[in-house]
Each structure stands twice: as C-alpha cells, then as structure tokens.
Amino acid sequence: MSRRRAPCRRQQAAPRRAAPSGCFRSWYLGRATRGLLSSLHRVCLSPVHRTLLGVPLKTNGLCCCCLLVPSPDASIARVMWTLVGRGWGAHALSRGWATGAALGPAPTFGAAPESWPTCRVYSSAEFKEKLDMSRFPVENIRNFSIVAHVDHGKSTLADRLLELTGTIDKTENNKQVLDKLQVERERGITVKAQTASLFYNCEGKQYLLNLIDTPGHVDFSYEVSRSLSACQGVLLVVDANEGIQAQTVANFFLAFEAQLSVIPVINKIDLKNADPERVENQIEKVFDIPSDECIKISAKLGTNVESVLQAVIERIPPPKVHRKNPLRALVFDSTFDQYRGVIANVALFDGVVSKGDKIVSAHTQKTYEVNEVGVLNPNEQPTHKLYAGQVGYLIAGMKNVIEAQIGDTLYLHKQPVEPLPGFKSAKPMVFAGMYPVDQSEYNNLKSAIEKLTLNDSSVTVHRDSSLALGAGWRLGFLGLLHMEVFNQRLEQEYNASVILTTPTVPYKAVLSSSKLIKEYREKEITIINPAQFPDKSKVTEYLEPVVLGTIITPDEYTGKIMMLCEARRAVQKNMIFIDQNRVMLKYLFPLNEIVVDFYDSLKSLSSGYASFDYEDAGYQTAELVKMDILLNGNTVEELVTVVHKDKAHSIGKAICERLKDSLPRQLFEIAIQAAIGSKIIARETVKAYRKNVLAKCYGGDITRKMKLLKRQAEGKKKLRKIGNVEVPKDAFIKVLKTRSSK
C-alpha cells in the first residue's frame, strides 16, 4: 500500500486558484502546457523559409518549418506555431499571457480560424502544398550563372539578388550567403558552385530564376563548366576598377562555346577609382559586345541591381525542354549526407519527377526509388514534383558514393532514354601523394576521401604505398590551390590529418623497344609517380605537359613579367594592348614551371595587379631527368623528383639544405646527396655527435691520443655501415612542404 506525501504548510495555506472557463492564461499555467512547451524543439532558424511563393511571412528571425508539436488539439498547435513564428519563446510566453502582459488578444479554444493572429507561420507540410512547381511554365523559367574573376563581386551580387527576390531578409549580416563551406569563409573565395531558386514577380508574371554562383579561380574552372551545362545564360561580372582579367576572358569563352547568352555587368561603380567607361570599351574590344548592353551596378550598395533581374528575364531565353517526354535529368553536382545518402543536384531536360518514382542511373543501370525532390532556396525546400526546365535536388537512397556520378543521366524505370552528353572528364594538372599521419587512421581517411571526391569530382584517386609513409593514395588536382583547399576541407569537415608529398605533373615517355611496349601494353606511357620514371635507356624521348597561359597586366610591369616568363622556359605567342594602359600577353609554359610558385611571383612583381589563367596545350619534347635523394647512399623514394636537366643542380641543392635542417643528428655522420643516375650533383652533411675521448688525457705522449682518436673513428665507421637513417615524419612534412625552394 503506497503512502502519499502530506502537503507542506505553504500548500495548505495557499489553496489553488480557479481560472475562468476558456481562459488561455489558465490553460497555459496548467500541467498540459508545461508538457507541451517541453516538447517544443528543432525550431528552424533559417531565414530562407520566411518568404515563399505566395506566403509573405513577416517574422522576427524564427520560422517553424521544422517545429515538432505533438498536440491533440489542432487549435493549440496553431496558436503555438504563431507564437514561435513571432519570435516568442517559452520565457516570453510565461512573462506575457501568463502574467497578463499586453501581447495582443489571446485566442480561445472555441474561436474560429479567422480570429487567429494574422501573422501566421506555416508548417513544413503546408510549405509543400504552397510550393507548387507546376505553376511555372517553361516560358517563365530562367537558368543562369554568375561568372567572374576572383574578387570581382560575384557573391555580393548573389546576396543582393537573394534579397531583392525576398529569398532572404535584407540585413547587414548577408555576406557570402551562398558560400557555405568554412574554407570559403576563411579564404574569401568561392570554391564550390552553389544553386538557389529565386521567385520573382515582374509585370504581373511569376518567374522562377535558377541562379548558380560559380568559383572565380582558374583551379576551379571545372566547377564553372559543369554549372554552365544547366544554364541558358551567364552574368559576366567585371570590376569597374580592375577591368577585364585573365579569368574573365576564360569564362567568356566557356560561355561562348556552350552557346549561352552573355550579359556583361560592370560592378563596383561606387569605388573612388572606378572607370566604367574604360571597362565598357575593353568589353567591346575583347568580347565584341556593344557597350550599351553593359549594366553598371554597385552590388555592395545595391545600386541598379534590379535592372540585372530585368535583363535576365529579357535577354536570357527559357530552356528548350519537353515536359510530356519521358524523364531525362542531368546530375551536375552532388553532396553526401550521413543519414540520407547522396543528394544529387539535377537539371531536368525532359519529363517530370516526383516522390515515389522509380528511376534508373544510365551509368550504373541501378534502380532507385525517389525519397525526396525539391529546390534550393538556397537551403533545401521539398516539393511534390520537379518539372522539365527546372533545377533542384533529388534524394533516392544512394548510399554508396560510387553510385553518384557527375554527368550521369537519370530516367524513369522501364522508360529508357538516350543519355545526355554529360561532361568531359577533368584533366588533372598536378599530382601529389597523400598519406595518413597514423596508419591506424587509414580506413577513416579512405572514407573521407571517397565522400569528398563525390562533392569534388575533378579529383582523381589512385592507390599508392611508401616504405616510410605507409599505405596512401596518389591524387590528381586541377592546380595547387585546388590541392590546398582539398586538404583543408579534409581537416575541417572530416577531422583528418594527412601528409602531402611534393606536387608533380604528369609526364610521358615514348618506349624504345617492342619488348617494353608489350610489357606496358602501349608505346607511350604516362608517369604520375616520379619513383616510376623510366631510365633513359628504355625510352626514345620524354614529353612534358605544356599550357597556354594568358597574363593581363598594366603596361608598366610588362618588362619584369617578360623576364619572369623567360626564366620559366616560356615561349611568347602573342601580345595585345586591350586599352591604353593594359596588356594581354600569351605564353606557352611548361606546366611544371608554374604549378608551385609562379602565381605568387607574378603577383609580387606586378604589385598584385597582374592576373593569370591557363589552358591545356598538350605535350612537348623535353630533356628531363630523374633526381634521387640519398641518405648515406640509400635512396629515399618519397623525395624522388623529375626535373629539367638545366635546373637539376639548383633544385637538388635546395632539397638537400632543407633536409639537413630537418634531420636529427645521429652518433654517426649522415651524407645527404642529390644524384642523377650515378652522378652526385649536390651534397650536405649532418655532423655526428662527438664524444671527447681526450678528456681523460692530461699530458702524456701524443701516440696515446692518436690511438684513442683512431679507435673512435673506426667505431663510427662501423656504426655508419650498420646504422640506418630513419627519416621522421615531421621531417618529411618540413621537406615536402609546397613552398618555393627559393
């Protein structure tokens, strides 16, 4: 028999007050309300859902698209949603209606819906019903990208467009809204293309504008080319002060080859040194676009930005698609979610896709059931369907990162279609070895690399191993910045710590004998690992990759830049004055001369005003040699490099000097040598620890001292023969760092 605790004196003295019937205050103070408030959680703080199609929501920073309210009474749930939507939390309520403060009229249980507060926030289910993508006919859809050189204002313009269309609230904190990665925020550059669907009302018509913000650095040009496949036009942004730069020219020709409409936008007209008329003349001379088609704006201040939206509607054509045809969707990007699997960004060229449809991958021929479709606004906003001409995301339960291939075509089950052309495979320009700091982390690092390469398909991965560093991979990148960003993303997003070897470029060798051709199964082999570089006796010639580089610089720095290019074995191809003060130079560069420090040297010589871009130009014959690094006569495989014959001595000397500063001293002398074949071209020595064996000799005959010194020398010589020099991993990190050796 249970005993009930007797009430205390305070409870006996203060009897419970009865609240008026139907009063919200008494309901709020009741036990049911406390349970309800304790279950309020997962309130979405994103400003994205404050304004949706046909649902203008004036809130104070909160919306309830993710609010979970387990209420038995729908009226209670709607009241609580409204309060949370206004920014009132549990404490505000307890100080408000519960205490009699003036928070507006309190709704009662029996009140009609019309008497509820007008500032009503919709649940996620109601969002899905309101966001009906069939309301946008093909003629009211515009798909476009923003392309520009680094730091010309792409992301700032994207922020203003999001504000103008009501996608986000206009606040001072809107900076790089579409740059979601930590590395993008830290470096102030865009490294990953991001998509956002904008709803814009113009002349009584509701338009769907699908915006893709793209990177501006040459190392991420593959991101730009993939983004353009889902577009019909581009906004070519040019700085009103700096004018046309090298990447601007490259982006224009990418759009030109894809037959896209180009709208030139001159940004930063608010700057003190801005000269938009000069930039107009540059655009007309270089791109043959009439100056009166240029739009002058200040994205920072929002000046004339709305005319950009008008130009998008007027100058960019709608997509040429057919909604009655079977589904054909192009996967142009993807990410990996730990719980939902692969999230594919798709552009629909034909048909319709909805939740529950069974789709097939043209690449793997596997069948999946669609779990969710939607648009990015800029965060994920689920919809019932996606229609041809629209750009959105699709989740179909792909749990393996290999299943989602960039450029793949998705179609409905039992309705096969001809696959879309897809994309050209990215051609890696730089290769580097990657190894875990601790071999016990190999599997974790493998999983992280697989997931990250899904998000960055331009990285190529080959398994590799090293005697000193253990099992690892040989990765291919589009450039040095691409390699650094990939490494930084591994550390930040997956908490992975890795060792990166010295970057190298892919060389080719033409084999000399039929026996070797039969062994390698081809006459011309590609070498991505310097340790596998064949001997001169086995090949007829070596080939090195070359690129056609474009440099745009003020004319006052032309002489210095020409000397720099000649020192890098470059051959001048062209020289054009794009206006009175700026010159465009074209050079043919060996790729290995520019991958490490050329860009930094160029910026230093030109006080930061010169810009550089390059494109692949094939291979050329070169006098290449394999340079080994020896420690006491033993080759260190991880430090083997391929260099041009004329620069072998300076590069070998620099590596030996850095290795001397990094290796710990031993009881015996360590000889560090750079060798080409059997010829030593550079040497440094790490002195041995030396015991003073003469300390006990206070005078005496000289023969006694010579005997002790001779015995010590013999012991060190014997120790040097049997002693092994183990290079610690921290020494590898110092020696293999990707800085200039100068």
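**Figure 1. The buried residues of helix α7 in the predicted model.** In this predicted model, the buried residues of α7 are K154, S155, L157, A158, D159, R160, L161, L162 and E163. Helix α7 spans residues 154–164 and is mostly covered, with 9 of its 11 residues buried. What do the buried residues of α7 pack against? Their partners are the strands β3 (141–148), β4 (194–202), β5 (205–213) and β6 (233–239), together with helix α12 (306–315). Follow the chain just past α7 and you will meet G166, which takes a positive phi of about 75 degrees.

**Figure 2. The whole chain, for orientation.** Before the next close-ups, here is the wider setting. The secondary structure of the chain comes to 20 helices and 33 strands. The chain has 742 residues, and 51% of them count as buried. Its exposed area is about 36800 Å², with carbon and sulfur atoms supplying 50% of that area. Take the contacts between residues at least 6 apart in sequence: 69% of them join residues at least 24 apart. The structure holds 18 salt bridges, and the next three views show some of them.

**Figure 3. A salt bridge within helix α14.** R489 and E493 form a salt bridge, with their closest N and O atoms 2.8 Å apart. Both residues belong to helix α14 (residues 480–494), where they sit 4 residues apart, about one turn of the helix. Is each partner buried or exposed? R489 is buried because its relative accessible area is 7%, a value under the 20% cut-off. E493 has a relative accessible area of 36% and is therefore partly exposed.

**Figure 4. A salt bridge between two loops.** Here the side chains of E593 and K647 meet in a salt bridge, at 2.9 Å from N to O. E593 lies in the loop between β27 (582–590) and α17 (598–605), and K647 in the loop between β31 (641–644) and α18 (648–662), so the pair ties together parts that are 54 residues apart in sequence. E593 counts as buried because its relative accessibility is 8%. K647, at 22% relative accessibility, counts as partly exposed.

**Figure 5. A salt bridge within helix α18, and a network of shared partners.** E657 pairs with K653 in a salt bridge whose closest N and O atoms are 2.6 Å apart. These two residues, E657 and K653, are 4 residues apart in helix α18, so about one helical turn separates them. E657 is partly exposed at 34% relative accessibility, and K653 is partly exposed too, with a relative accessible area of 36%. Elsewhere, salt bridges that share partners join E544, R569, E593 and K647 into one network.

**Figure 6. D628, a buried charge without a salt bridge.** D628 lies in strand β29 (residues 624–631). Which side chain of opposite charge is nearest to D628? That side chain is K626, at 4.3 Å. D628 is buried yet has no salt bridge, because such a bridge needs a nitrogen and a carboxyl oxygen within 4 Å. Leaving aside neighbours within four places in sequence, D628 is in contact with T635, V640, Q673, A674 and A675.

**Figure 7. L548 and the residues around it.** Strand β25 (residues 539–554) holds L548, which is partly exposed with a relative accessible area of 25%. Which residues does L548 touch, not counting those up to four places away in sequence? They are K573, Y587, L588, D613, Y614, E615 and A617. For D613, the separation from L548 is 65 residues in sequence and 8.5 Å in space, C-alpha to C-alpha.

**Figure 8. Two charged patches on the surface.** K696, R704, K707 and R711 form a positive surface patch. One of these residues, K707, lies in helix α19 (residues 702–722) and counts as partly exposed at 48% relative accessibility. A negative surface patch is formed by E284, D288, D292 and E293. Among them, E284 lies in helix α11 (residues 276–287) and is partly exposed, with a relative accessible area of 37%.

Terms used. Residues numbered from 1 in each chain as written. Predicted model: local features only at pLDDT ≥ 70, side-chain atom pairs only at ≥ 80, totals over all residues. Heavy atoms only, no water. Patch = residues over 30% accessible without salt bridge, like charges linked within 9 Å, V, L, I, M, F, W, Y side chains within 5 Å. Areas by Shrake-Rupley, 256 points an atom, 1.4 Å probe, with all protein chains shown as cover. Lys, Arg positive; Asp, Glu negative; His and termini not counted. Charge placed at Lys NZ, Arg CZ, Asp CG, Glu CD. Buried < 20%, exposed > 50% of the residue type's maximum accessible area, 1.4 Å probe, protein only. Contact = heavy atoms within 4.5 Å.
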